[in-house]
Amino acid sequence: MNPDMIDLIGFGPQGWGLPLLKAAGVTLAAAACGFLLGSLLGVMGSILKLSKHVALRGIGSFYTTVFRGVPEILVVYLFYFGGSLALTKLMNVGGMTGFFSLPGFATGVMAVGIISGAYQTEAFRAAYLRLDRGQIEAGLSTGMSNFLLLRRIIAPQTLRFALPALGNIWQSALKETSLLSVIGLVELLRQAGTAAGSTHQPLLFYAVAAGMFLIIGRSTGFFIRRFENTLARPWRR
């Protein structure tokens, strides 16, 4: 790499290092918020799919079928443009004229979260079905309340069984944030594209963006594996 390229990705007056780091922070924040929202939706969705009521199971199945079957970019477009159109109509009814668009970050988090939640629903459902029913029956026979049973037996083991799949879903959520550039969010890919267009060095900046995605993914994956080993330690003993 020649000195000119080093200056372009550095932190000097002509460097793009700081904007790229800020964009990487936006990427990480959007992925983390979307994944946490997806975890909440995943728990709720798994409860629906495990319900004894046919109607509730149907709602859960509809959610996972739709959002796992529709392309992610289409979900982003639907949420952003559909939500902005609904907001505009609402504001126009209130006497305000013009077009009102939804915040790119909030819309992106919602889209990533709903997509992630559809996959997490299946991860939590499959993990729950792996539980040893004898432990649950033993807990009930000792007089455990439902909350205590959930806290001590069901939740820890369900999370342990689901964590490998959740690690893969997290990596997918991280990569899905690159789609948010289409709605104007200045995340890592969009910032790399801006730098590439300004400097006429697309290969350099897209390679840097790829490297930063890889670093974020590998770093967070390391912590997920550590957490997985921590949860599995009592059963290994």
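The expected span of a helix is 1.5 Å times one less than its number of residues. In this predicted model, helix 4 offers a handy place to try that out. Helix 4 covers residues 72-93, 22 residues in total, so a span of 32 Å is expected. The C-alpha atoms at its two ends lie 31 Å apart, in agreement with that expectation. Just beyond helix 4, Gly-95 adopts a positive phi of about 100°.

Which residues of helix 4 are buried? They are Val-75, Val-76, Tyr-80, Ser-84 and Thr-88. An α-helix has 3.6 residues a turn, so residues three or four places apart point the same way. The buried residues of helix 4 pack against two neighbours, helix 3 (54-69) and helix 5 (104-129).

Aromatic rings come next. A pair of aromatic rings is described by the distance of the centres and the angle of the planes. The model holds six aromatic pairs. One of them joins Tyr-80 and Phe-81 in an edge-to-face arrangement, with 5.1 Å between the centres and 80° between the planes. Tyr-80 has a relative accessibility of 14%, so Tyr-80 counts as buried, the cut-off being under 20%. Phe-81, with a relative accessible area of 45%, is partly exposed. Tyr-80 and Phe-81 also belong to a cluster with Tyr-77, held together by ring pairs.

A charged side chain meets a ring elsewhere in the model. Arg-133 lies over the face of Tyr-128, 4.8 Å from the ring centre.

Notes
Residues numbered from 1 in each chain as written. Predicted model: local features only at pLDDT ≥ 70, side-chain atom pairs only at ≥ 80, totals over all residues. Heavy atoms only, no water. Phe/Tyr/Trp six-rings, centres within 6.5 Å; stacked < 30°, edge-to-face > 60°. Buried < 20%, exposed > 50% of the residue type's maximum accessible area, 1.4 Å probe, protein only. Lys NZ or Arg CZ within 6 Å of the ring centre and 35° of its normal. Helix = DSSP H or I, 4+ residues; strand = E, 2+ residues; numbered from the N terminus. Contact = heavy atoms within 4.5 Å.
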